[in-house]
Each structure stands twice: as C-alpha cells, then as structure tokens.
Amino acid sequence: MPVHTLIIDPESELVFSLSPNEATPRCMMTLKHGGGSTESIAFKVKTTQPRRYLVRPNQGLIAPGTSETISILLVEKDKQVLLQNYDRLGQSGLDHSKDKFLVQSCAADSSLAAKKSGSQTELYDALTAMWNSVTSGGSSTPLQNKKLHVRHVVDSSPAPATSDAASTPKPKLEAASHSNLGDMSADQISSELSNLRRKYDELVSFSVNLTAERDILSNTLEQTKRDYNREIAARSALENKQGGRSTSGGSSGSGSSGGGMMSSLTQLLVVGLACFLSGARIGASGNAPHLPVVGNFFVEDLSPIVEKKPVVREILD
C-alpha cells in the first residue's frame, strides 16, 4: 500500500459541458496533498484519448499542504463531432463514451523535490525519467492509480445577451484592479509574481513539448520519404531487369529463326550440288541414254552435225 495520499476532486467522473456558444469546453481537476507524510507527491495524468484532450499540466510535484489545479480542454473538432452525435441520437449518443483518465502518483525523493524551485525544463525532464523508471518496473516505489470516467452533457441554455450597459462598467473594473494592485503588500506582489513565473514556465514547457512532437513528426516524415524513394528505386530496377530479359529473349528468338533459315538454304544448296555432281558423273559414264528423262539433258544429238559436214566441204571446194 502506498504511504502517500493524493486527494482528487472530482473523485470518479469528469463532466464536460458542451455548448455551441462555448469555444472550448473545459473541466478542472484539483489534486491535493493528503498529508501524513513530509515528502512531496509526484503526479502524472494520462488519458485514453490524447488527441481529444489537452491536459495542463500533465505532470508535476505537490508539496505537503499544497494543491495543484489541472485544466483539461476538449478540442473543438471533437466537440463538434459530439454535438453532431447529440443532434442525431440525443443524450444516448454521448452516454456510451469510453474516454477515461488515469491519475498516477507516487512519493518523490528529496533530490527531485529540490528541482521544483529551479528550472521547469529540468524538472520536467527529471519527472519524465522518473515516470519511465517507475512504470517500466525498474523501481520499487509504491504507485497509486486512480481512474476517472468522462461524461459529456449538452448545455442547451441560451447565450447570455450582451448589451452596451453590461460592457460599460468594464473600464471601471480594470481601474479598480489597478488600484488594488497599488494597495497590495510586498508579499502579495511576490506571490503574484511567483504565480506568473510558474505560468510562464508551464508555457515554456508546453512549447518545448510541441517542439519535440514537431521534431518527431518531421523525422517520421523524412524516414517515410526515404523508405518510399527506396521502394520506388527497387521497383524500377526490377522492372528494368524484367524488360531486359524479355528483349534478350526476343533477340535470341529472331536469331534462332534466322539461323534455321540459313541452315535450310545451306541444306538446299548441298542437295542441289550433290544432284549436279551425280548427273555429271552419270553423263560421263555413258549411262545417261538409258535414263528415261534425265538422259536427254546430258546427251547431245550429233546426227545433224554429221549430216551438215559434207555440205560445208562442197562450198569450200
């Protein structure tokens, strides 16, 4: 059982009042040191919908006898979605919300409590490292967990009417506040300056968180671009390789067909040459006249020439 006690108000449920006239629905939660210990209490607020709610501050230290007010804002875009569900289904469309918050707390050691009076950035980094150690099981520090459910209700009351008469006293209030500031004691002024400094440090811490998230998103985007370019290059190389194979296959096919044609022509020439040589040999052997058709191509009819020789001699005489 944890030896520290953190009093949470409200105890079990956070109610957000939705109104079309209200720009940002807000819910306040108070964390108070329950006493019984002289150690400061470290707290951390988590939610199941981190993109829907803005929690400020989401972690910190509570000294004995003090308290911390947590401001939880509902994002405008999600508020419009919830209002649309209400217009379509009524309150039953909002009663089934599964949004939850978790408040974790544990006793803080003296070295961590000493950083509260220093820089808020150092305190934030120290708290982050401490919570990483506690939640990962690397620490034996007793941890207290408190779950709070979220309920959304719609405020259907009309917006308050504004008039010139209502806005007229505003300068008087400002003048009164300035006059009260002059009547404040030195301790009150110091306390007010401390509050302003704390709010400024919270704003700086919030800006640091936004910058870190921006850097993470930028790195993720760059890594995604590199992976995409690498995938495109690999796919292009694969397509080029497949295209080269198909081209070489077509060239080899045409070469083989041309080689087959040349082989056929060579065979035809060889057969023709063999036939010619065979015919010449047959004609030289004198067996050609006995062939019914081929012999006529290899044997000459010499009888007309023999008959004409005497005529030529007579003319010469």
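The dialogue below asks how some labels on this predicted model are earned.

Student: Why is Cys106 called buried?

Tutor: Buried means under 20% relative accessible area. Cys106 has 0%, so the label fits.

Student: And what makes Cys27 buried?

Tutor: The cut-off is again under 20%. Cys27 has a relative accessible area of 8%, so Cys27 is buried too.

Student: How many disulfides does the structure hold?

Tutor: Zero. A disulfide is a covalent bond between the sulfur atoms of two cysteines. To count here, a pair of cysteine sulfur atoms must lie within 2.5 Å. The structure holds zero disulfides, so no pair passes that test.

Student: Why is Ile189 called partly exposed?

Tutor: Its relative accessible area is 34%. Buried needs under 20% and exposed needs over 50%. The value of 34% falls in between, so Ile189 is partly exposed.

Student: What makes Ile189 fit for a nonpolar patch?

Tutor: A patch residue needs over 30% relative accessible area. Ile189 has 34%, so Ile189 passes that cut-off. Ile189, Leu193 and Leu196 make a nonpolar surface patch of about 270 Å². Ile189 itself sits in helix H7, residues 186–285.

Student: How do you know that S1 and S3 pair?

Tutor: Pairing takes at least two bridges between two strands. Four bridges join S1 to strand S3 (residues 26–33), so they pair. These strands run antiparallel. Ile7 stands opposite Lys32 in S3.

Student: What is the order of the sheet that holds S1 and S3?

Tutor: The order is S1-S3-S7-S5. This sheet is open, has four strands and is antiparallel in its pairing.

Student: Why are S1 and S5 called edge strands?

Tutor: Strand S1 (6–9) and strand S5 (53–56) each pair on one side only. The twist in this sheet averages 20° from one strand to the next.

Student: Which strands make the five-stranded sheet?

Tutor: The order is S2-S9-S8-S4-S6, in an open sheet with mixed pairing. Its edge strands are S2 and S6, each pairing on one side only. Here the twist averages 25° from one strand to the next.

Student: What makes the pairing in that sheet mixed?

Tutor: Take its pairs in turn. S2 and strand S9 (residues 144–154) pair in the parallel sense over six bridges. Leu14 stands opposite Val150 in S9. By contrast, seven bridges join S4 to strand S8 (residues 100–107), and these run antiparallel. Four bridges join strand S4 (residues 41–47) to S6, also antiparallel.

Student: Which residues are the bridge partners of Phe43?

Tutor: In S6 the partner is Gly60. In S8 the partner is Ser105.

Student: Which residues lie on the covered face of S2?

Tutor: In a regular strand the side chains alternate between the two faces of the sheet. In strand S2 (residues 13–18), Leu14, Phe16 and Leu18 make the covered face. Glu13, Val15 and Ser17 make the uncovered one.

Student: Are the residues of S6 buried or exposed?

Tutor: Gln59 and Leu61 point one way, Gly60 and Ile62 the other way, and all are buried. That label means each is under 20% relative accessible area.

Student: Where are the cis peptide bonds before Pro10 and Pro57 placed?

Tutor: Pro10 lies in the loop between S1 and S2. The bond from Asp9 to Pro10 has omega near 5°. Pro57 lies in the loop between S5 and strand S6 (59–62). The bond from Arg56 to Pro57 has omega near -15°.

Notes
Residues are numbered from 1 along each chain as its sequence is written. This is a predicted model: local features need pLDDT of at least 70, side-chain atom pairs count only at pLDDT 80 or more; totals for chains, interfaces and linings use all residues. Side-chain values use heavy atoms; hydrogens and water are left out. Patches are made of residues with over 30% relative accessible area and no salt bridge: like charges are joined within 9 Å, nonpolar side chains (Val, Leu, Ile, Met, Phe, Trp, Tyr) within 5 Å. Accessible areas come from the Shrake-Rupley method with a 1.4 Å probe; for residues, only the protein chains shown count as cover. A salt bridge is a side-chain nitrogen of Lys or Arg within 4 Å of a carboxyl oxygen of Asp or Glu. Helices (H or I, at least four residues) and strands (E, at least two) are DSSP runs, numbered from the N terminus. Buried means under 20% relative accessible area, exposed over 50%, partly exposed in between (1.4 Å probe, protein chains only). Axes are lines fitted to C-alpha atoms, for helices over the stretch in contact, and angles run from 0 to 180 degrees between N-to-C directions.
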